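Work through the exercises below with the coordinates open in a viewer, and try each task before reading its solution.

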Amino acid sequence: MPLWYIWPSAFQSLVRVCKSLFAMLLVHMFYIFAYSEIVLSFGDLDGNLVDATQFAKINSHGRVVGLNLPATGIWMGNHQIYTDWVYMCRALSVYADLEANFYIVMKDSLRRIPILGYYMGLLQFFFLSRNWEKDQARLKTTLQSILETGPSKLALLLYPEGTNISRNTIRKSHNYSASHNKPMLQNVLLPHSTGLYFCTKTIQSKLPNTYILVRRIA
């Protein structure tokens, strides 16, 4: 878009407004057509559950009205179903006030979805082709465009496994592990670490207080 080159800060403001509308649309569509409750639990680095109330904003009636989550973070997750990213967007949008500042890393084929794919591109979602030479250039260009405007909030959603787990993807993961002397994982796919490392270093160079958060969907 020409505005990206002429007035980068105005372009980012427009993207944030459109992203807020996109998030609210998703939330309301799922509320109307596929209502579900989200149960959140929190754990430490050793996998032990911790008191979730320390992360919750609770009103006088005892209802959770918000979450105390980091303003800048890289959210890693296991990829159980095709729509699990929607539930994460719902949590970030409704409870963490991050609906205008979330970015999702997804596979390049989703770019070709009519209308929606083009719109997700305008929202600066990341489409990766699993060719690091091409993907590094895409990540660098988009991340720099986002970070040079000095955002105070940023939530990057990515899936190191790269796809859903299935018999076929487990077989491919095991073949790769065997040829590269990597562990044979049974319940998850071997994660891709190159893009994660690149995103972490790039974001932390501008936003040093960025957290890395691991979320698991069961």
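The exercises that follow concern a predicted model, and they move from overall form to the core, the surface and the charged pairs.

**Exercise 1. Overall form**

Task: Determine how the radius of gyration of the protein stands against the globule rule for 218 residues.

Solution: Begin with the secondary structure, which comes to seven helices and nine strands. The radius of gyration is 18 Å, close to the 17 Å that the globule rule gives for 218 residues, so the protein is as compact as a globular protein of that length. The C-alpha atoms fill a box of roughly 55 × 45 × 40 Å along the principal axes, and 39% of the 218 residues count as buried. Finally, among contacts between residues at least 6 apart in sequence, 62% join residues at least 24 apart.

**Exercise 2. The nonpolar cores**

Task: Identify which elements give two or more residues to the largest nonpolar core, and list the contacts of Leu92 beyond its neighbours within four places in sequence.

Solution: The largest nonpolar core has 22 residues, and those with the most contacts inside it are Trp85, Leu92, Phe102, Ile104, Phe125 and Leu157. The elements that contribute two or more residues are helix H2 (8-33), helix H3 (84-95), strand S6 (102-107) and strand S8 (154-158), with H3 supplying the largest share, five residues. For Leu92, once those sequence neighbours within four places are set aside, the contacts are Leu69, Trp75, Asp97, Leu98, Glu99, Phe102, Ala155 and Leu157. A second, separate core of 17 residues includes Val105, Leu158, Ile203 and Leu207.

**Exercise 3. A surface patch**

Task: Decide whether Tyr35 is buried or exposed, and place Tyr35 in the chain.

Solution: Tyr35 lies in the loop between H2 and strand S1 (42-43). Its relative accessibility is 51%, and because the threshold for exposed is over 50%, Tyr35 counts as exposed. Together with Leu25, Met29, Tyr31, Ile32 and Phe33, Tyr35 forms a nonpolar surface patch with about 750 Å² of accessible area.

**Exercise 4. Charged pairs**

Task: Establish which parts of the chain the salt bridge between Lys153 and Asp97 ties together, and which residues are linked in a network of salt bridges.

Solution: The closest N and O atoms of Lys153 and Asp97 are 3.0 Å apart. Lys153 lies in the loop between helix H5 (132-147) and S8, and Asp97 in the loop between H3 and S6, so the pair ties together parts 56 residues apart in sequence. The network links Asp108, Arg111, Arg112 and Arg138; within it, Asp108 pairs with Arg111 at 3.2 Å and with Arg112 at 3.9 Å. Asp108 counts as buried at 16% relative accessibility, whereas Arg112 counts as exposed at 61%.

Note on methods
Residues numbered from 1 in each chain as written. Predicted model: local features only at pLDDT ≥ 70, side-chain atom pairs only at ≥ 80, totals over all residues. Heavy atoms only, no water. Core = buried A, V, L, I, M, F, W, Y, C linked by side-chain atoms within 4.5 Å. Buried < 20%, exposed > 50% of the residue type's maximum accessible area, 1.4 Å probe, protein only. Helix = DSSP H or I, 4+ residues; strand = E, 2+ residues; numbered from the N terminus. Contact = heavy atoms within 4.5 Å. Patch = residues over 30% accessible without salt bridge, like charges linked within 9 Å, V, L, I, M, F, W, Y side chains within 5 Å. Areas by Shrake-Rupley, 256 points an atom, 1.4 Å probe, with all protein chains shown as cover. Salt bridge = Lys/Arg side-chain N within 4 Å of Asp/Glu carboxyl O. Rg over C-alpha atoms; globule rule 2.2 N^0.38 Å.
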